[in-house]
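Me: Please take a close look at one part of this structure and describe what surrounds it.

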Amino acid sequence: MNASVTVRVPAKVNVQLSVGPLRDDGYHDLVNVFHAVSIFDEVEAKESESVKVSVEGEWADQVPLDEGNLAVQAARALAKHAGRSYGVELVIRKTIPVAGGMAGGSADAAGALLACNELWGLGLPLEDLMEIAGDLGSDVPFSLLGGTAVGTGRGERLSQVETGGTFHWVFAVADGGLSTAKVYAECDRLREVGAEHVPELQANQSLLDALRTGDAVALGAELTNDLQAAALSLRPSLAQTLAVGTELGALGAIVSGSGPTCAFLATDAEHARALADALAAADVCRTAVPTSGPALGAHLI
């Protein structure tokens, strides 16, 4: 056994999020095109008699330290899979916003799976970790995989997408979070009120082509998120954030996942830095962070 293992794990943006009708099990079928970006949490796993967690960083006070913590659930699930009673002390260093639509909790769970697999000397292959991850949450498998991928089912069944270059992004982080469950419920409510026909789910081929060819202009034109209307309904101020980013020259603007973080596609790294500065100065977000993708999935450091 190792005395300590540290894993770095990325945030994500959904460049396409298509949501099907509510299923009998309470989930929705999805077509979810994930794109990992270079905003990382770190999860350190250290030897311990019991499973415990502490959190450091800007968002630390918003992360549960009990069984509600997804990284704790991940460690317990891995130990159960191995048929052993293991302990671990998890130290999570947060950079990914909490409840921001960027899969921060899922990232930490993926980090815990990889770190504990190494700490405990289990040697489980990625396929086994991906299976455990899918039971923990729809976004957890992608946090392990990274890069760019199409997720189907609840989002947990993944097929990787070739990406032909680097895309530059700005994330405008809002004050406070949004509950994923509440955003999905609002999506269902808005559809019911509007008697909206839910189209057949399929990956947008034009979007996939833009990813493969590295065409940021084409990608910006194809960004879609079926949860965006619900996020705007619950947090109307996001409409102004999206509008300002577009006025400032973003190639595309979208609510990331269930929000409230907004993602803006830039032409290059210099444009991303300038766009982030301008968004912060416009006072339409708590902070604005330039970054790029695709990024590596969970990996040892």
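**Threonine 166 and the sheet beside it**

Reply: Threonine 166 touches Ser292 and Gly293, leaving aside residues up to four places away in sequence; contact here means heavy atoms within 4.5 Å. This is a predicted model, in which local features need pLDDT of at least 70 and side-chain atom pairs count only at pLDDT 80 or more, while totals for chains, interfaces and linings use all residues. Residues are numbered from 1 along each chain as its sequence is written, and side-chain values use heavy atoms, with hydrogens and water left out.

Threonine 166 sits in the loop between strand 6 (157–160) and strand 7 (167–173). Helices (H or I, at least four residues) and strands (E, at least two) are DSSP runs, numbered from the N terminus. Alanine 216 is 50 residues from threonine 166 along the chain, and their C-alpha atoms are separated by 8.9 Å.

Strand 7 belongs to an open sheet of 4 strands, in the order 9-10-7-11, with antiparallel pairing. The edges are strand 9 (252–255) and strand 11 (287–293), each pairing on one side only. Two strands pair if DSSP finds at least two bridges between them. From one strand to the next, the twist averages 25°. Strand 7 and strand 10 (residues 262–266) run antiparallel and are joined by 5 bridges. Alanine 172 has cysteine 262 in strand 10 as its bridge partner.

Two helices lie across strands of this sheet. Helix 9 (residues 238–247) lies across strands 7, 9 and 10, at about 5° to strand 10. Helix 10 (residues 269–281) lies across strands 7, 10 and 11, at about 10° to strand 7. Axes are lines fitted to C-alpha atoms, for helices over the stretch in contact, and angles run from 0 to 180 degrees between N-to-C directions.
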